Amino acid sequence: MRVQILDLAEVDLQEGFDFYERQESGVGVYFLNSVFSDIDSLVLYAGIHPMKFGFHRMLCQRFPYAVYYSVDGMKASVWRVLDLRRDPTWITNQLE
């Protein structure tokens, strides 16, 4: 399985990095390492996660984020990486 991170997901990752880095230096790097580890697991586990809003939703292990992705053949495309502490309406709007 090949994993592709799309532009909007990259923006989400940068925003998450910026948020955690403002909290304490180095936490942003830990955030990215943790989330990329979760995303890397899609090589083996893409498609097993429940569907939400038309995407598979994988919950991140160490941060309150979810990875929303689709599977097409042997490719998993990561569309968004969203903070689950946000208003559910905001999350829904981001995925439409």
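How much area does the protein chain expose, and what share of it do carbon and sulfur atoms supply? The exposed area is about 5,700 Å², of which carbon and sulfur atoms supply 53% (Shrake-Rupley method, 1.4 Å probe).

The model is predicted: local features need pLDDT of at least 70, side-chain atom pairs count only at pLDDT 80 or more, and totals for chains, interfaces and linings use all residues. Residues are numbered from 1 along each chain as its sequence is written, and side-chain values use heavy atoms, with hydrogens and water left out.

The protein chain contains four helices and five strands, arranged along the sequence as β-α-α-α-β-β-β-β-α (DSSP runs, H or I of at least four residues for helices and E of at least two for strands, numbered from the N terminus). The C-alpha trace spans about 40 × 30 × 20 Å along its principal axes.

Of the 96 residues, 35% are buried (under 20% relative accessible area, 1.4 Å probe, protein chains only). The largest nonpolar core (buried Ala, Val, Leu, Ile, Met, Phe, Trp, Tyr and Cys residues joined through side-chain atoms within 4.5 Å) has 17 residues, of which Val67, Tyr69, Val78 and Val81 touch the most other members. At least two residues of this core come from each of helix H1 (7-23), helix H2 (27-40), strand E4 (65-72) and strand E5 (75-83). Beyond its neighbours within four places in sequence, Val78 is in contact with residues including Val3, Ile5, Leu6, Ile39, Leu42 and Val67 (heavy atoms within 4.5 Å). A second, separate core of six residues includes Phe55, Leu82, Ile91 and Leu95.

Definitions and conventions:
Buried < 20%, exposed > 50% of the residue type's maximum accessible area, 1.4 Å probe, protein only.
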